[in-house]
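Me: I have a structure to go through. Please take my questions one by one.

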Amino acid sequence: MNSRVSKLREQSLNAQNVLSVERARLVTKFYKSIEGKQISIPMQRALCFDYIFANKTLCVNFGELIVGERGPAPKATPTYPEICLHSLQDLQILNDREKVFFSVDDETRKIYEQEIIPFWKGKTMRENLLSKMKPEWQNAYEAGVFTEFQEQRAPGHTVLGDKIYKSGMKDIISQILERLSTATESERDELEAMQVTAETMIMFAERYAKKLEELAMSEKSNVRKSELIEMARICRKVPANKPETLHEALQYYWFVHLGVITELNPWDSFNPGRLDQHFLPYYQSGLQNRTLTKSKTIELLSCLWIKFNNHPSPPKMGVTAQESNTYTDFALINIGGLKADGSDAVNEMSYIILDVIEELRLLQPSSMIQISKQTSNDFIKRALKIIKTGFGQPSIFNTDAIIKELTRQGKTIVDARNGGASGCVESGAFGTESYVLSGYFNLPKILELTLLNGFDPHTNKQIGKKTSDPVNFSNILELKKAFASQLNYFADIKLKGNDVIENLFATKLPVPFLSLLIDDCITNAKDYNAKGARYNSVYVQGVGLGTITDCFTSIEYNVFDEKKLNMKELLTALKANFVGFEELQNNLIYHTPKYGNDDDCTDQNATDVFNIFYSSIDGKMSPLNAAYRINMLPTTCHIYFGSVIGATADGRYAGKPLSEGISPVQGADKKGPTAVLKSASKFDHIKTGGTLLNQKFTPDFFATEKNIEKLIALIRGYFHLDTHHIQFNVIDKQTLLAAQKNPEDYQNLIVRIAGYSDYFNDLGEDLQNEIIKRTEHKDF
Amino acid sequence: MMRNGIIFDIKKFAVHDGPGIRTTVFLKGCPLNCIWCHNPESRSKECIKILKETKVGENTFTFESMIGQKVNTEEVLLEVMKDKIFYDESDGGVTFSGGEPLMQPSFLEDLLKTSKEKGLHTTIDTCGFAPRDLVERILPFTDLFLYDIKLIDNELHKEKMGVSNETILENLRFLVSQKANIIIRIPLIPDITDTEENILRIISFLIGCKYNGKIDLLPFHNTAEQKYKNLQIENQMKTIKKDVDSSEKVASRFTKAGFSVSVGG
């Protein structure tokens with residue numbers, strides 16, 4: 001790492017999270033200024049966007065080569081009062097809490113109290129959205145049956161394709177103007193708003209060009225002076241025109257990134273996707289005309305990486321802060337995979353990007369490699385050498401499965417091959433799809449409700465259907481039938497809520513800037529939030545597969561097959577949280593078959609639950625014609641979901657975390673990693689938009705070349721079974737225990753959580769304990 | 001033909017018992033009585049009842065558990081075949097270990113034959129203490145022998161393991177002459193097998209029988225203490241510490257003698 005990169009990296013690592021009031025203030029001023037005026041909603045949003053970028057503070061960090069920060073400085077993080085309004089108390093909590101605090105100064109508090117809160121109270125999307133949800137939705141939400149991402153973040157979750165590398169904003173404007181010639185009146189509103197935001201980005205870059213020239217004037221170092229002049233030139237060229245050098249491409253992407261994450265606060269920020277594919281031509285031509293070297297390339301890419309790391313996700317509030325115990329913003333760089341023509345996409349740039357990831361060792365952006373049948377073992381080996389250092393990146397995905405998932409959903413083979421995974425593990429067609437994540441779905445909670453005939457002891461309300469008194473069930477099929485009926489009931493409530501939310505964002509908070517970037521919003525003259533993209537999907541994420549499978553197996557085995565106890569006795573023990581039933585609990589934990597051991601009988605329960613969940617959601621259409629889909633990932637929501645469920649039939653105490661991803665219950669797998677992978681492969685991953693499997697290995701497992709070869713075979717074997725994703729957490733238990741005891745000595749310890757990595761010290765104690773507990777595969 | 005036998009474990013993702021990803025099936029019963037034995041529960045041919053403990057919070061529960069399980073070939077292969085996809089990806093397969101797998105000759109022969117019929121790469125991990133005709137019988141179905149050599153001095157061998165090493169060394173000579181695929185494994189037991197004298201004698205024996213395959217050194221780990229406790233047998237090696245230095249020294253002797261050597265399998 002050269003000294004420029006190392007200084008910028010230090011700056012990024014040392015920067016404290018600060019809550020910046022700038023954006024909230026500009027947005028408020030703007031909306032006050034248009035009160036009483038007749039402006040279409042899309043145009044309001046476009047003008048608001050323009051106002052922010054015309055007035056926001058410019059920031060040029062010492063020595064940097066790519067410019068632009070969302071706030072006035074690195075890690076100065078804005079709020080989005082039009083979506084959710086932080087109260088003074090929220091600000092206090094953000095400032096005071098121990099983990100991932102955002103400092104809030106008195107000035108900010110004052111402005112919030114005097115300007116922001118008075119203007120926005122009662123007008124935010126969050127208030128509007130929650131007030132429109134039906135009582136049955138509210139009940140289910142409070143009980144922890146599901147969560148809703150869009151109650152405080154906009155529907156984002158999309159990934160850029162290659163559009164910006166082919167067209168500048170001027171080209172995009174020409175495209176808009178052409179489309180305007182045949183537009184209806186409402187289409188005009190959309191298109192004109194898009195045009196404004198395209199012009200805004202050119203204006204914003206021009207502001208930077210001027211600022212850089214000013215800095216160049218007073219710069220004493222000749223080297224830096226010429227850098228600043230070159231950067232000013234680049235800001236005049238992009239985003240107005242299409243980029244022709246790597247530096248131009250990087251700066252263009254970064255302006256676009258800032259645009260998307262400033263326009264609103266889309267879930268999973270924004271993602272550049274297949275960077276090795278996009279950047280290879282610039283690298284090759286730069287080498288050819290001698291304007292670029294490999295080390296210069298690494299330096300430039302490092303500057304982009306540091307930019308990502310300067311941008312934590314916007315501060316959350318309420319349940320969302322609990323359900324997602326992280327402030328990484330889930331930009332997931334895809335490396336490898338297949339080209340549009342179906343050939344192997346791994347190239348020189350793929351290896352360079354891995355070098356950058358290894359050298360910088362930053363939390364953000366996150367990274368992954370896509371492996372297809374064509375990918376060489378050398379490439380996987382290179383990635384495993386980084387994974388081995390225990391920082392949880394890159395994670396590993398099965399390109400062939402992703403393509404099957406996307407084509408099953410109706411995407412063309414080319415759009416599917418141009419896709420990949422984003423966020424934690426979510427499959428998408430890059431540049432052409434809006435795939436909104438709508439919230440987690442608590443599968444074990446549905447079983448709890450089924451066993452209590454629809455009554456929720458947590459909120460003390462009858463919130464579900466009265467399926468049947470469970471003592472009447474005479475076999476597991478009857479229980480599953482009741483469970484299916486209960487699950488369908490809640491899935492309907494969730495999807496009906498999402499239908500309403502879809503309409504709210506489509507009509508109240510369009511995103512004209514994001515719409516410029518995703519095809520075919522311009523052609524369709526329709527906003528991204530109004531489902532203008534070529535493909536539109538809305539996902540519900542199933543949580544707790546391991547726990548619920550073990551619960552079904554336990555009931556099947558102990559109550560119906562072996563008749564060790566009857567349903568009534570089981571329910572009594574669960575209600576008592578096993579107090580007085582310790583021996584029973586011991587039997588449920590240690591003497592009952594468990595998911596994760598390649599036992600077909602047990603694993604069939606996972607498949608059954610999955611199929612019930614799948615049929616209740618997949619293929620249903622929203623009013624704006626988005627398809628509802630499922631995937632299987634928890635982020636950290638399995639901890640929150642566990643906290644709202646009483647004791648369970650697998651021997652789990654009330655309130656304890658659920659299993660995570662599609663992994664077995666923590667510690668339930670006794671037959672090693674191959675058995676876990678086999679169990680996890682039995683339900684049909686191709687019917688999902690992503691599944692998440694964590695495997696923990698001790699570092700010694702990666703010690704020899706021979707072992708690494710075996711690990712590659714393990715991955716290939718798993719992917720052979722049409723599975724989606726696997727990630728390795730390489731860390732030993734002693735290290736984690738020591739870190740928990742003496743956090744001060746382990747400030748740099750990064751662990752893989754669930755599709756992303758985070759600082760171990762920043763995790764809550766529950767999550768820390770859980771990471772420690774996840775089965776650690778020793779050197780067998 | 002279906003054969004029955006007694007096994008005491010099936011371990012998947014075994015990565016030290018031959019090439020690739022493997023499943024190792026542990027057959028019960030051993031003719032040797034090595035004082036450093038890692039698997040003391042494997043010595044007896046019979047199933048043994050022991051008490052085990054589980055813990056939930058503060059509460060401890062005991063339950064009866066059997067060491068050893070009567071199984072037939074079909075049951076074993078059903079479990080082994082579950083990981084076929086991983087053997088295919090890694091050029092792995094199945095390993096029969098023990099105890100001493102040759103202690104259950106008909107069962108082992110049937111397991112090996114059936115494994116070959118199912119297209120698996122077969123390995124046996126053996127101490128070599130078995131009648132010649134048995135070794136001849138299994139030879140056609142065994143792709144690789146992991147063959148333990150411990151002590152060349154026969155008196156010491158008898159003292160530490162309870163049996164003479166003549167058969168063991170003879171069988172190795174035979175297998176080498178038959179061009180069997182062999183990896184010699186030497187457990188490095190401090191001051192017993194890792195002595196300069198013993199190592200030099202092993203080297204000259206191997207040269208004498210024209211062995212030119214690989215050598216695998218297995219450093220001593222005192223990890224079996226809990227097993228000894230469970231079985232209520234005294235662990236004579238309890239106080240012996242792992243000697244890291246020794247495996248390097250021994251390895252270099254083999255390298256100098258022209259052998260390809262690895263440490264730790």
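Reply: First, a term: two strands pair if DSSP finds at least two bridges between them. Strands (E, at least two residues) and helices (H or I, at least four residues) are DSSP runs numbered from the N terminus. This is a predicted model; local features need pLDDT of at least 70, side-chain atom pairs count only at pLDDT 80 or more, and totals for chains, interfaces and linings use all residues. Residues are numbered from 1 along each chain as its sequence is written, with chains lettered from A and ligands numbered from 1 in the order in which they are written.

Me: Which residue stands opposite Lys11(B) in E2(B)?

Reply: Strands E1 (residues 4-14) and E2 (residues 22-27) of chain B run antiparallel. They are joined by 5 bridges. Opposite Lys11(B), in E2(B), stands Thr24(B).

Me: Which strands of chain B stand at the edges of the sheet?

Reply: The open sheet has 9 strands with mixed pairing, in the order E5-E1-E2-E6-E7-E8-E9-E10-E11 (chain B). An edge strand has a single partner, so one side is left without a neighbour in the sheet. The edges are E5 (69-72) and E11 (260-263) of chain B.

Me: Which helix of chain A gives the most to the side that touches chain B?

Reply: Contact means C-beta atoms, placed from the backbone, within 7 Å. Chain A puts in 22 residues and chain B 17 residues. Helices H26 (582-590), H29 (673-680) and H30 (705-720) of chain A each give two or more residues to that side of chain A. The top contributor, with 7 residues, is H30(A).

Conventions. Contact = placed C-beta atoms within 7 Å.
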